[in-house]
Amino acid sequence: MEHNIYLYILVAAAVSCLIRVLPLTLIRGKIRHPFLRSFLYYVPYVTLAVMTFPAMIEAPQFPAAGILALLVGIAAAWKGVHMVGIAVLCCMVVFLCESAANYFF
């Protein structure tokens with residue numbers, strides 16, 4: 001049985017395109033339902049959290065460094081620090097925690 005890679009790529013592209021285009025064609029007017037509007041408002045934030053949270057725990061050599069960076073990032077965001085500042089601060093926390101852990105262990 002011969003496998004055609006171009007057929008697989010074409011099907012994947014078609015499915016990906018349908019997922020993105022279908023909502024735009026079906027929903028033309030403004031969404032008025034308050035629950036649906038609030039749900040759609042938070043979708044990007046939830047998606048970002050779901051993609052980044054496991055990496056924050058698994059990427060560092062020591063998971064405690066990721067957890068500490070997460071807590072520091074939450075505190076910095078609560079205080080109004082901008083996003084780039086939070087990212088730099090969290091990277092510094094992980095770097096310092098892992099440097100200290102490598103020094104002592």
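The largest pocket of this predicted model holds about 670 Å³ of space, where a pocket is an open set of points on a 1 Å grid over the protein atoms alone, each point admitting a 1.4 Å probe and having protein on both sides within 12 Å along at least five of seven lines, and where the volume is the space filled by probe spheres set on points joined across faces, edges and corners. Of its 19 lining residues (those with an atom within 4 Å of a point), Thr52, Met56, Leu70, Ile86 and Cys90 are the closest to the centre. Helices α2 (34–58), α3 and α4 each contribute at least two residues to this lining, helices being DSSP runs of H or I with at least four residues, numbered from the N terminus. The lining comprises 16 nonpolar, three polar and no charged residues, with Ala, Val, Leu, Ile, Met, Phe, Trp, Tyr, Cys and Pro counted as nonpolar, Asp, Glu, Lys and Arg as charged, and the others, Gly among them, as polar.

The largest nonpolar core (buried Ala, Val, Leu, Ile, Met, Phe, Trp, Tyr and Cys residues joined through side-chain atoms within 4.5 Å) consists of seven residues, including Ala65, Ile86, Cys90 and Val94. Both α3 (63–78) and α4 (83–104) supply at least two of them, and α4 gives the most, with four.

Ala65, in helix α3, has a relative accessible area of 3% and is therefore buried (under 20%, with a 1.4 Å probe and protein chains only). Beyond four places in sequence, Ala65 touches Pro60, Val93, Val94, Cys97 and Glu98, contact meaning heavy atoms within 4.5 Å.

Residues are numbered from 1 along each chain as its sequence is written. Local features need pLDDT of at least 70 and side-chain atom pairs 80 or more, whereas totals for chains, interfaces and linings use all residues, and side-chain values use heavy atoms, without hydrogens and water.

Definitions and conventions
Buried means under 20% relative accessible area, exposed over 50%, partly exposed in between (1.4 Å probe, protein chains only).
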